[in-house]
Amino acid sequence: MATPFSEILKSYRPKFERVKILDATLREGEQTPGVSFTIDQKLEIAKKLDEMGVHMIEAGHPAVAPDVFEAVRRIAWMKKEGEIRAEVIAHSRAVKSDIDKAAETEADRIAIFYGVSDIHLRAKHRKTREEALSIIGEMVEYAKSYGVKVRFTAEDASRADLEYLEQVVKTARDAGADRVSLADTVGVLTPWTAQKFFEHMVKAVPNVEYDIHAHNDLGMALATAFGAVMGGATAVHVTVNGLGERVGIVPLQLFAVAVKVHFDVELVNLSKIMEITRLVERYSGIEVPYNMPVIGDYAFLHKAGVHVAGILADPRTYEPFPPEMIGRSRDYVIDKYTGKKAVKAKLEKLGIRVDDDTLMKILEEIKKSNLRVLTDDTLVSIAEKVTGKALRPRATENIEAIAWIKVDSNVFTSSVARKISMIDGVREIAEVTGDYDLMVKIEAPDHKVLNTILDSIRGIKGIQSTHTQIILKKMDKSTS
Ligand code: COA
Ligand code: ZN
């Protein structure tokens with residue numbers, strides 16, 4: 001994507017070409033409040049991540065619980081069996097019992113963390129700086145004695161004393177860690193300070209690879225990760241949908257797409273992005289917000305008349321990259337913010353052509369209607385009212401149907417109901433008890449339209465199954 005500043009970015013392209021993606025959905029992601037994956041779900045997520053091409057999978061902290069241990073062990077086993085290619089990492093505190101458990105899983109790498117800011121040393125570890133250095137050195141060596149690769153994570157590195165941090169990293173490196181993660185544990189770095197921070201560390205303590213682990217407390221995680229790579233970090237920690245402790249870390253999908261847009265480097269298979277988004281939404285029970293960049297429902301949904309007129313002429317006017325790049329498509333909504341070009345295009349899509357005068361009158365009606373969402377059906381009704389003509393493109397058989405819908409247990413029924421209510425042809429929705437959660441009454445002019453409506457319903461995330469019944473004949477009460 002060309003901007004007047006493209007040249008500046010271009011010089012950093014080689015750094016982004018070689019950067020590795022470490023996905024921590026299974027470890028950091030499971031630290032999200034309310035999230036607990038089953039072992040099978042973890043194996044499925046790990047396989048999908050591997051298919052996408054992430055380089056490292058942080059599979060869990062085996063000492064936390066028996067099922068976490070088992071999941072890490074099985075993912076490490078998949079690696080041994082050649083079912084996945086990514087490096088498998090087991091997380092561990094700097095204590096022997098955690099390291100023993102991590103080693104028992106036979107993961108490729110053990111990642112040992114230790115808080116290195118004075119706040120963490122004092123409040124959490126109750127250790128002096130010197131005591132901490134010897135614990136770090138000893139524990140990295142102990143893990144290395146198992147013959148595995150070791151990463152050391154300097155937790156709260158962004159708030160640690162810089163000279164002390166240099167000693168920490170030297171200690172970990174000299175004890176055998178080939179990677180060191182500098183964690184921005186409370187998300188206080190910015191792109192500029194992250195760049196300076198990593199430039200400084202790479203120079204001060206060379207011969208070790210640096211990871212950036214950036215938390216999103218101030219919404220800066222993605223930008224911080226960019227700064228860190230520009231400064232010399234060679235691995236970025238991400239999670240699917242940005243899951244993680246509190247408000248999470250860098251979302252995998254955003255980092256991958258941003259790197260593609262700015263550097264034309266495809267770190268993972270971008271066509272799989274929506275698949276992994278939905279999978280993790282389902283298993284975590286956490287839906288991404290409508291207005292989440294790249295993966296949110298509204299990422300390519302345009303509204304204001306001026307914008308729609310722009311995208312109708314050339315989508316690049318209001319899109320930084322084409323939605324097709326990640327297998328999505330663009331659309332626009334009609335409401336009081338609409339202009340005549342948008343209405344004209346929408347009517348033409350529905351097979352309705354009107355002259356300019358009529359178009360202006362339809363637009364006036366739309367502006368007066370003040371509806372929050374104006375469906376295609378309402379738009380046709382308005383056009384019919386203005387022209388006084390029947391404009392519905394098809395002869396109506398008027399099929400009525402009832403769709404019974406089962407919603408994933410961990411997804412809010414009301415959110416699914418709200419989305420269904422926005423589909424044209426849906427007449428009524430009710431919550432029900434029994435085998436299904438929702439009953440939806442649908443009216444369609446013919447079977448083709450009915451199938452389209454049902455497809456739109458089935459496409460809504462959070463729906464587990466549907467069952468449709470066509471109403472053949474309405475019984476009059478008096479005939480029974
Ligand atoms: N290295 C060594 N010790 C650490 C440490 C580290 N990186 N981080 C914390 N600790 C110590 C603390 O000092 C404290 O020790 P203390 O009991 O002597 O005061 C203890 O670990 C943490 O307290 P607590 O959680 O109450 O201890 P626990 O023994 O009951 O449980 C876990 C330990 C790890 C099993 C448990 O906290 C857990 O399941 N945690 C989930 C994983 C996690 O916390 N991950 C953080 C990733 S950043
Ligand atoms: Zn974290």
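Student: What share of the contacts in the protein with a separation of 6 or more comes from residues 24 or more positions apart?

Tutor: This is a predicted model, in which local features need pLDDT of at least 70, side-chain atom pairs count only at pLDDT 80 or more, and totals for chains, interfaces and linings use all residues. Residues are numbered from 1 along each chain as its sequence is written, and chains are lettered from A and ligands numbered from 1 in the order in which they are written. Two residues are in contact if their C-beta atoms, placed from the backbone, lie within 7 Å. Among contacts with a separation of 6 or more, residues 24 or more positions apart account for 69%.

Student: At roughly what angle do the axes of helix α3 and helix α4 cross?

Tutor: Helices are DSSP runs of H or I with at least four residues, numbered from the N terminus. Axes are lines fitted to C-alpha atoms over the stretch in contact, with angles from 0 to 180 degrees between N-to-C directions. The axes of α3 (residues 39-52) and α4 (residues 66-80) come within 9 Å and cross at roughly 35°.

Student: Which residues of α4 do I39, K42, L43 and A46 in α3 meet?

Tutor: The criterion is again the C-beta contact within 7 Å. On the α4 side, the residues met are D67, E70, A71, R74, I75 and M78.

Student: Which residues touch the most other members of the largest nonpolar core?

Tutor: A nonpolar core is a set of buried Ala, Val, Leu, Ile, Met, Phe, Trp, Tyr and Cys residues joined through C-beta atoms within 7 Å; buried means 20 or more other C-beta atoms within 10 Å of the residue's own, placed from the backbone. The largest core has 101 residues. Those touching the most other members are I57, A59, I112, A154, A225, V236 and F255.

Conventions: Helices (H or I, at least four residues) and strands (E, at least two) are DSSP runs, numbered from the N terminus. A residue is buried if 20 or more other C-beta atoms lie within 10 Å of its own, exposed if 12 or fewer, and partly exposed in between; C-beta atoms are placed from the backbone.
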